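Please examine the sequence and the three-dimensional structure shown below, and keep both in view while reading the explanation.

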Amino acid sequence: MGIYIVKQFDNVDEIAAITGVPAEQIIRQNQLVYPYELAVGQALFIENRTKMEDVEEKTYLMVGGYAYPFISRWVLQQTLPFLSELLIFSYGFDEEGNLLHPVLEDTWMVELAKRYGVRGILTLTPFGRNGTFNNHLIHTIVSNPSAAQNLWRQLLTVMAEKGYDGLDIDFEYILATDRDAFSAFVEETTQVMHQYGYTVSIALAPKTSASQKGLLYEGKDYRALGKAVDHVLLMTYEWGYKYGPPMAVAPLHMVRKVVEYAITEIPNKKIHLGIPNYGYDWSLPFIEGVTSAKTIGNIEAVRIAIAQGVPIQFDVTAQSPWFTYHENGIMHEVWFEDVRSLQGKFNLIKEYQLGGCGYWTIMQFFYANWLLLNENFWIN
């Protein structure tokens with residue numbers, strides 16, 4: 001699939017000669033920084049002209065990307081040609097169902113998306129005035145019809161005024177006792193939105209069974225929610241997370257388990273696979289409740305490996321790159337995504353014939369990802 005793994009003593013000119021791709025193109029597409037140093041084990045995207053022209057193997061895929069209103073305009077402009085939907089994060093609400101707007105203006109994002117033929121999607125979260133997930137708010141909105149109706153009215157007003165094309169529901173930490181009421185709320189929300197021509201999607205915590213325990217999982221009924229909306233996003237990331245021990249953010253063997261369960265409850269074409277567009281840098285030793293990983297971009301991760309002069313490893317089971325390094329007497333462990341790990345996820349989408357994928361988030365531009373996606377799929 002046009003992926004080259006850097007070996008010891010490789011340089012860009014030699015790789016260009018081996019692959020037949022101009023050095024300038026390799027530099028640009030992989031966002032290499034002068035003097036174009038490489039890390040041993042680094043995965044480079046090499047544009048495969050034969051594959052690009054082999055259109056019979058490509059299928060259509062809906063591609064979404066979450067973004068905050070403080071995204072760089074340049075990053076958004078570079079990314080929009082590869083998207084079907086731009087999911088703007090996020091709107092919240094209070095106990096009475098009054099809609100809470102993002103701190104920064106979002107209209108410019110909707111308007112820019114339209115210029116690229118991309119649908120603008122309003123993301124609704126149970127964020128109160130303190131800006132954090134609140135399951136009390138969820139309980140209130142799903143159990144109070146008047147508050148729900150007020151929220152729907154305000155959503156419809158804002159979506160019409162700003163030119164939004166759909167609604168995405170991202171509710172987390174739903175109480176198990178609110179499970180059925182939440183499913184009913186989502187179904188009613190979809191019915192209301194459909195009357196006005198809007199689509200509805202929902203983000204789902206990565207369950208591997210219907211009986212999975214935990215606050216993230218018990219309040220979400222995959223079958224009922226999948227039936228209620230136009231499509232779902234599986235949040236197949238954050239196994240390795242900011243406050244947890246070092247590990248792959250989206251280990252492929254775990255992502256596969258989520259997909260295998262999801263397709264037993266939801267039609268595969270309604271399922272979109274979540275893809276992380278970031279990595280983490282942990283300081284070691286990891287101490288629970290103390291250690292906090294630094295969020296880094298995928299390009300930044302490679303730059304760290306180059307600066308520290310360490311090779312990049314690849315975990316075959318997790319299908320994820322990683323490395324360790326010492327700095328100021330402290331050991332670090334880094335896990336991130338590269339074109340190898342992304343190709344594994346694209347292969348999973350093909351294997352199970354899923355309808356789409358969604359990126360959390362598109363705040364940083366990872367050009368090789370989008371080029372690789374374009375080699376695998378037509379954007380629907």
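The paragraphs that follow treat strands, aromatic rings and charged side chains in turn.

The model is a predicted one. A suitable place to begin is strand β4, which spans residues 85–93. Is this strand buried or exposed? Nine of its nine residues are buried, so β4 is largely enclosed by the rest of the structure. Strand β3 (residues 59–67) runs parallel to β4, and four bridges join the two. Within this pairing, Tyr66 has Leu87 of β4 as its bridge partner. Leu87 in turn has a bridge partner in β6, namely Ile121. Strand β6 covers residues 119–124, and its pairing with β4 is parallel, over five bridges.

The strand β5 (residues 99–100) is joined to β4 in the antiparallel sense by two bridges. Here Phe93 is partnered by Leu99 of β5. The hairpin made by β4 and β5 has five residues between the strands, and in it Gly97 takes a positive phi near 85°.

A further set of strands is found later in the sequence. Strand β11 (residues 279–284) pairs with strand β12 (residues 294–296) in the antiparallel sense over three bridges; Gly279 has Ile296 of β12 as its bridge partner. Strand β11 is also joined to β15 (residues 330–335), by five bridges and again antiparallel. In this pairing Ser283 is matched with His332 of β15.

Attention may now turn to the aromatic rings. The structure holds 27 aromatic pairs. One of them is formed by Tyr34 and Tyr36, which meet edge-to-face, with 5.4 Å from centre to centre and 90° between the planes. Tyr34 counts as exposed because its relative accessibility is 66%, while Tyr36, at 31%, counts as partly exposed. Elsewhere, ring pairs link Tyr66, Tyr68, Phe70, Phe89, Phe127, Phe133, Tyr173 and Trp360 into a cluster.

Phe70, a member of this cluster, lies in the loop between β3 and α4. With a relative accessibility of 56%, Phe70 counts as exposed. Together with Val103 and Leu104, Phe70 forms a nonpolar patch on the surface, with about 370 Å² of accessible area in total.

Rings may also be accompanied by charges. The charged end of Lys58 sits over the ring of Trp378, at 3.9 Å from the ring centre. Likewise, the charged end of Lys350 sits over the ring of Phe377, at 5.7 Å from its centre.

Finally, side chains of opposite charge can pair when their charged atoms come close. How many salt bridges does the structure contain? The count comes to 11. In one of these, the side chains of Asp106 and Lys162 meet at 2.6 Å, N to O. This pair links distant parts of the chain, for Asp106 is in the loop between β5 and α5 and Lys162 is in helix α7, 56 residues apart. Both Asp106 and Lys162 are buried, and they belong with Glu105 to a network of salt bridges.

A second example joins Asp165 and Lys114, whose closest N and O atoms are 3.4 Å apart. Asp165 lies in the loop between α7 and β7 and Lys114 in helix α5, so the pair ties together parts that are 51 residues apart in sequence. Asp165 counts as partly exposed at 22% relative accessibility, as does Lys114 at 42%. In a further salt bridge, the closest N and O atoms of Lys345 and Glu337 are 3.1 Å apart. Lys345 counts as buried at 1% relative accessibility, and Glu337 counts as buried at 2%.

Definitions and conventions
Residues numbered from 1 in each chain as written. Predicted model: local features only at pLDDT ≥ 70, side-chain atom pairs only at ≥ 80, totals over all residues. Heavy atoms only, no water. Phe/Tyr/Trp six-rings, centres within 6.5 Å; stacked < 30°, edge-to-face > 60°. Buried < 20%, exposed > 50% of the residue type's maximum accessible area, 1.4 Å probe, protein only. Lys NZ or Arg CZ within 6 Å of the ring centre and 35° of its normal. Pairing = 2+ DSSP bridges. Patch = residues over 30% accessible without salt bridge, like charges linked within 9 Å, V, L, I, M, F, W, Y side chains within 5 Å. Areas by Shrake-Rupley, 256 points an atom, 1.4 Å probe, with all protein chains shown as cover. Salt bridge = Lys/Arg side-chain N within 4 Å of Asp/Glu carboxyl O.
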